[in-house]
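Here are some quick notes from my pass through this one. Have a look at the sequence and coordinates first, then read on.

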Protein chains: 2
Amino acid sequence: VPQIGDLGEDALIERMTLRLPSTPRAILGPGDDAAIIGLEGDLVVSSDVLVEGRHFRCEWSTAGDVGFRAAMQNLADIDAMGALPIALQITLAAPPTTEVEWVLDFADGLREACEPLGVGVVGGDLSGANEITVSVTAIGDMMGMEPVRRGGAHHADVIAVSGPLGAAMAGYHQLDNLLDFNQEAIDLFLRPRPRIGAGIEASRAGASSMMDISDGLVTDLARMARASSLGMSIESRLVPIHRAASAVAAAVVGNADEWALTGGEDHHLVATFPPKASLPEGWVVIGTVTRDRQGVLVNGEVPSRWGWDHFARV
Amino acid sequence: VPQIGDLGEDALIERMTLRLPSTPRAILGPGDDAAIIGLEGDLVVSSDVLVEGRHFRCEWSTAGDVGFRAAMQNLADIDAMGALPIALQITLAAPPTTEVEWVLDFADGLREACEPLGVGVVGGDLSGANEITVSVTAIGDMMGMEPVRRGGAHHADVIAVSGPLGAAMAGYHQLDNLLDFNQEAIDLFLRPRPRIGAGIEASRAGASSMMDISDGLVTDLARMARASSLGMSIESRLVPIHRAASAVAAAVVGNADEWALTGGEDHHLVATFPPKASLPEGWVVIGTVTRDRQGVLVNGEVPSRWGWDHFARV
């Protein structure tokens, strides 16, 4: 089986590039010292790093899954500013013994996430390493709109989320416990499918603050509360729960409230809107911004469990 | 000694951000889902990944050295397009047992490279890992100028380099052989100091093709030859050799020609110019673009040794 250490860097880049999505916005794509992209408005840029054994496990995720998720979580960050995602830069460090097919499958996953959105992979870098580390930088275009920041919430704004939560955690729970009765949840953990574009719609509807839910609703709401110096009060019964999460929870842990409140990885958005705003389709109100600076309250109480810290020892 | 696994992600980002350089171009800097940057011309973007034990060794390089080099090699890629470097995105994956001081020193190294150039670090991501991996994405602004590509050379153009070569290899050779009689070469290996801005000057002088010498002059010239479908013929006696490289070579291997021809890491630029162009200060002619498609010729012969492949097993 051909390994990347045998193929060499230049040949691997050449084969990989054939599988990667392109964008008409690229004035110059992969193959030079840098890519060139034409933007209409201000540049929006966000980066994430994914490490084997921490952000993904090769027993659970195919290379395509890793590529798909790496792309999608960064596209969600661009969407969370109310901007249009345009392109990705990808760096991949992997053992020389990694199969060439793994890297090409990884490229396919990137393409499957990006192509329907018109997003291209315009450049990157490859290296040998002892473990697989993927770093993604997403490039977006503000298109003349104002960015929606984390800290723009006002007292009495409503808090809303852009999609049903908990499916990724329900998928993780099954994989972690060797269960497989709900494939939809597993798929959504391996390949999160936030509705990219929900952020631009929220921005047009007047969203005052917004962020991508990556570390769990409660943890990320606490960050918005801190950034706004206000409180975020939500009701758990209002939080929309994905049907796959409910199905899995009913069978194994009772209800999916905790997965929806503390599980990250769904990559839907949370935003605040003026009380009289008309919310775009798909957005669901879950609470209200308050004057108190106690951070997040769930059903009037300080929640006891939080989300993820990426330096937690695994 | 405080370790990053004890401090946690948010606290580490907060402490690190205080040490990072900023740029007035940032409409929104670190701390949100994405950074926002105002550009005057097209976006230029380039990424590199550096892996512990492959691109740097912690016995040789301080964290500050790693940060400095990671920044500088990416700024050189932007310069190599004839663009103005504006900002960096940084992802760092490191063992939870890494000392907090290492990460802050890393940030200091980034600042020392970026601040004199007005470049800011506008965002990034941190993660635990088993080895240290740094990924840098550099953002540049074409400022209304045309990019200088790798493949734009014409027959009879002159080939020139932007600075004296070989110092980084002379530094590497000393470290690898436990020698330390020329500190300047060691410093230039650990902290390469290409003249950022040489690329914009070359562009203004009419450079027809250009790239950053990162994998060695011969290897990188071969890439330019392939991109232009032309030959690159250079004379080794014309290649400027750094005084520190000559000093080290005189003591240990005779002369520094091979280091200058095949050693990467100096991060100076190589470019082609029309025969009648007036070269900017600091650029030195080393050869001529030819019609034959034999790739690179050194003193009329096909060179026997090449540069670096990052998937080589170490």
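1. Bear in mind that this is a predicted model. The contact between the two chains involves 65 residues of chain A and 65 residues of chain B. Together the chains bury about 5500 Å², with 51% of that area on carbon and sulfur atoms.

2. On the polar side of things, there are eight salt bridges between chain A and chain B. One to pull up in your viewer joins the side chains of B:Asp10 and A:Arg223, at 3.2 Å from N to O. Counting polar contacts between the chains gives 28 residue pairs, with both partners at pLDDT 80 or more.

3. Which element gives the most to the side of chain A that touches chain B? That would be strand 3 (residues 43-51) of chain A, with eight residues. By residue class, that side of chain A splits into 28 nonpolar, 19 polar and 18 charged residues.

4. Strand 3 of chain A also pairs across the interface: its partner is strand 2 (residues 35-37) of chain B, antiparallel, over three bridges. If you want a spot to zoom in on, A:Val44 sits opposite B:Ile36 of that chain B strand.

5. Now for something inside chain A. Helix 6 (residues 183-190) has A:Ala185, A:Ile186, A:Leu188, A:Phe189 and A:Leu190 as its buried residues. These pack against helix 3 (63-79), helix 5 (167-176) and helix 9 (243-252) of chain A.

6. Last point, the start of that helix. A:Asn182 caps the N-terminal end of helix 6 of chain A, placing a side-chain oxygen 3.2 Å from the backbone nitrogen of A:Glu184.

Key. Residues are numbered from 1 along each chain as its sequence is written. Chains are lettered from A and ligands numbered from 1 in the order in which they are written. This is a predicted model: local features need pLDDT of at least 70, side-chain atom pairs count only at pLDDT 80 or more; totals for chains, interfaces and linings use all residues. Side-chain values use heavy atoms; hydrogens and water are left out. Contact means heavy atoms within 4.5 Å. Buried area is the accessible area (1.4 Å probe) that two parts lose on being put together, summed over both. A salt bridge is a side-chain nitrogen of Lys or Arg within 4 Å of a carboxyl oxygen of Asp or Glu. A polar contact is a pair of N or O atoms within 3.5 Å; within protein, one must be able to donate a hydrogen and the other to accept it, and residues adjacent in sequence count only if both atoms are side-chain atoms. Helices (H or I, at least four residues) and strands (E, at least two) are DSSP runs, numbered from the N terminus. Ala, Val, Leu, Ile, Met, Phe, Trp, Tyr, Cys and Pro count as nonpolar, Asp, Glu, Lys and Arg as charged, and the others, Gly among them, as polar. Two strands pair if DSSP finds at least two bridges between them. Buried means under 20% relative accessible area, exposed over 50%, partly exposed in between (1.4 Å probe, protein chains only).
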